Amino acid sequence: MGAHKTVRDEEFRAFAGSAWSRLLRTAYLLAGDRHGAEDLVQQALERAYVHWNKVRAADDPNAYVRRILINEHARRFRRRLTEHPVEAFPDRPAPGGSDPDDRAVLLAALAALPPRQREAVVLRYWEDLSESQTAAAMGCSVGTVKSQAAKGLAKLRAASSLNGLATIGGR
């Protein structure tokens, strides 16, 4: 049993190490601040570790853990935890990336969206998931994803602070 646990732990460490950055970026967009995002990823990975046999047997372990992350975010919102948007994105921008001021404005507008709309927008347009993948990750119907994403994009487009930025959501 000791050797089995060691192999299991090594598999999980490898998975967590490779998934951390991606999960942190998604969590940052959901939570609105780096500390909240780190806590969210840590909680998601704790749950994934406890259920590692189920996670690694899933068709897509990354999608499984992403779903855990979204569920953790929803639990936090239900507990009425406050959000504190920050000025800077945690990762370095890509070469030729966007202006840091534009990014801060977009992140603030994103943080102002209700949680379900933010989840739909982040998963559809940041994670580039299909509507059905987003629905599976959010635990809702495709119609709900379409509705929440459309409402979220409409609010982002209407945000006066975003008027100078490029079109949002492909329009």
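Helices are DSSP runs of at least four residues, numbered from the N terminus. In this predicted model, H73 is found in helix α4, which spans residues 61-78. The chain as a whole contains eight helices and zero strands, so that, under the numbering just given, the elements read α-α-α-α-α-α-α-α from the N terminus on.

Of the 171 residues in the chain, 38% are buried. The accessible surface amounts to about 9,600 Å², and carbon and sulfur atoms account for 54% of that area. Among contacts in the chain with a separation of 6 or more, 65% are made by residues 24 or more positions apart.

The largest nonpolar core comprises 39 residues. Within this core, the residues with the most contacts are L23, V41, L45, V65, L69, L110 and L156. At least two core residues are supplied by each of α1 (2-31), α2 (34-50), α3 (52-57), α4, α5 (100-111), α6 (115-126), α7 (131-138) and α8 (142-158). The greatest contribution to this core is that of α1, with eleven residues.

Several polar and charged side chains were then examined, beginning with H73 in helix α4. The relative accessibility of H73 is 3%, and H73 therefore counts as buried, the cut-off for burial being under 20%. A polar atom of the H73 side chain lies 3.2 Å from the backbone oxygen of L30. The side chain of H73 also makes a polar contact with the side chain of E119, at 2.9 Å. H73 is thus a buried residue with polar partners at L30 and at E119.

A second polar contact between side chains involves E11, which is placed in helix α1. E11 has a relative accessibility of 34% and counts as partly exposed, because this value falls between the limits of 20% and 50%. When neighbours within four places in sequence are left aside, E11 is in contact with W52 and R56. The side chains of E11 and W52 form a polar contact at 3.5 Å. E11 and W52 are 41 residues apart along the chain, and their C-alpha atoms are separated by 9.1 Å.

Side chains of opposite charge can pair when their charged atoms come close. A search of the whole structure finds eight salt bridges. In one of them, R13 pairs with E10, and the closest N and O atoms are 2.6 Å apart. R13 and E10 are three residues apart in helix α1, so about one helical turn separates them. E10 is partly exposed, its relative accessible area being 44%.

Another salt bridge joins the side chains of E72 and R47, with an N to O distance of 2.2 Å. This pair links distant parts of the chain, as E72 belongs to helix α4 and R47 to helix α2, 25 residues apart. The two partners fall into separate accessibility classes: E72 counts as buried at 4% relative accessibility, whereas R47 is partly exposed with a relative accessible area of 37%.

A salt bridge is also formed by the side chains of R66 and E127, at 3.8 Å from N to O. R66 lies in helix α4 and E127 in the loop between α6 and α7, so this pair ties together parts of the chain that are 61 residues apart in sequence. R66 and E127 are both buried. In addition, R47, E72 and R75 are joined into one network by salt bridges that share partners.

The loop between α6 and α7 also holds D128. Most residues other than glycine have a negative phi. D128 is not a glycine, yet its phi is positive, at about 60 degrees. With a relative accessibility of 64%, D128 counts as exposed, since the cut-off for that class is over 50%. In this loop, therefore, E127 is a buried salt-bridge partner of R66, while D128 is exposed and has a positive phi.

Definitions and conventions: Residues numbered from 1 in each chain as written. Predicted model: local features only at pLDDT ≥ 70, side-chain atom pairs only at ≥ 80, totals over all residues. Heavy atoms only, no water. Buried < 20%, exposed > 50% of the residue type's maximum accessible area, 1.4 Å probe, protein only. Contact = heavy atoms within 4.5 Å. Areas by Shrake-Rupley, 256 points an atom, 1.4 Å probe, with all protein chains shown as cover. Polar contact = N/O pair within 3.5 Å; in protein donor to acceptor, adjacent residues only side chain to side chain. Core = buried A, V, L, I, M, F, W, Y, C linked by side-chain atoms within 4.5 Å. Salt bridge = Lys/Arg side-chain N within 4 Å of Asp/Glu carboxyl O.
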